[in-house]
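Open the structure in your viewer and keep the selection tool at hand. Each stop below says what to pick and what is there.

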Amino acid sequence: MKESKLKKVKVSAPGKLMLFGEHAVVYGYPCIATAVDQRIYVELAKLRESLMIVNSESEELDNYAKDLTELGKGEVPKGARFVEMAVKNYISKYPIKGGVELNITADFSSQFGFGSSSAVTVAVVYGLARLSGKKLSNKEFFDICFKTVLDIQGKGSGYDIATAIWGKTVYFVGGGKKIRYVPVSKLPMEICYTGRKADTVTLIDKVGKLKNSQKELVNDIFVSIGKLVDKACQALIKNDWTRLAELMQINEGYLEALGVGTKQISNLISVSYENKALAAKISGAGGGDCIIILNTGKKLPKEVYLKQKGVIIDVKTNAEGVRIES
Ligand code: MEV
């Protein structure tokens, strides 16, 4: 393979927020997600030796080093799992000469549920391709990254990977069967963090268990979620906030029915309505992480959320996908 002359490259990939369709998307239905302007940065430098070296202050990795032939084997620190698997999957498809050093920094905490694992996976694979002068189509790129996520956590729809690659706001069908932009001009949403990190795999399993015992009912819910995602797409394109609010309310009802709500989330959603938000719902797996609040009027006072231990986070949506920084 032709090696590029680049010796170093810095890339970044955005975090994401799910707007509609969570959980159903794991079973092949559509969802809508948006990229946020909080990013993970990876600086990659070529090494002569066949080594991977990783540094990440937030993940407490200080010169974590492994021979390329040993990747994925033995003990892997939690904070290095996605990076190591991403490097392994990339080089097993597109071998590189020598090795690579990766220095990772983040704009956001992995607590928020903004998808730091998928963002770092995307940034690592993009950086490796760039460093070795390899042009990957978005789909080839998606497949390596999605495989990495499945290798580590065993399940997931891949929407977080697609959003980190494509950026902006995307309509995504489970597994990447369809990925396209939703041309939104505005997203008048506020984001409130519950202060509690949710474990996505545990919540996917919880819904899976309900699906096994209530197959027909849960399938009907998924079909309805799929339909509301399609309607939400139209509402978003037309800036039809009244319609979008109705669809958020219905989607939240289904998520509650799937058992991924919490008392605190219900309180935060009630507070949103009491303060004249148009609608509010879980964003992502549920059980904690963030809720999104549709609000076209004045910003709601942060204190009302703080009383329920919720923190309004200042993030912009519809952000740029993976990109070269330098
Ligand atoms: C988690 O952010 C959203 C889920 O639908 C899982 C996934 O799509 O991978 C629950």
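Start with helix H8, residues 263-274. H8 lies across strands S8, S9 and S10, and runs at about 155° to S9. Keep in mind that this is a predicted model.

Now add helix H7, residues 241-257. H7 also lies across S8 (189-193), S9 and S10, but runs at about 45° to S9.

Next, show the strands under discussion. In what order do the four strands form the open sheet? The order is S9-S10-S8-S11, and the pairing is antiparallel. Look at the edges: S9 (279-283) and S11 (311-313) stand there. Each has a single partner strand, so one side of each is left without a neighbour in the sheet. Turn the view to see the twist. Neighbouring strands of this sheet are turned by 35° against each other on average, direction ignored.

Zoom in on S9 and S10 (residues 290-294). Five bridges join this antiparallel pair. Select isoleucine 282 and find its bridge partner in S10: isoleucine 291.

Leave the sheet and select helix H2, residues 116-131. How far apart are its end C-alpha atoms? They are 22 Å apart. That agrees with expectation, because 16 residues at 1.5 Å a residue should span 22 Å.

Switch on the surface. Is H2 mostly covered or mostly uncovered? H2 is mostly covered, with 13 of its 16 residues buried.

For the last stop, step just past the end of H2 to glycine 133. This glycine takes a positive phi of about 70°.

Definitions and conventions: Residues are numbered from 1 along each chain as its sequence is written. This is a predicted model: local features need pLDDT of at least 70, side-chain atom pairs count only at pLDDT 80 or more; totals for chains, interfaces and linings use all residues. Side-chain values use heavy atoms; hydrogens and water are left out. Helices (H or I, at least four residues) and strands (E, at least two) are DSSP runs, numbered from the N terminus. The expected span of a helix is 1.5 Å times one less than its number of residues. Buried means under 20% relative accessible area, exposed over 50%, partly exposed in between (1.4 Å probe, protein chains only). Two strands pair if DSSP finds at least two bridges between them. Axes are lines fitted to C-alpha atoms, for helices over the stretch in contact, and angles run from 0 to 180 degrees between N-to-C directions. Contact means heavy atoms within 4.5 Å.
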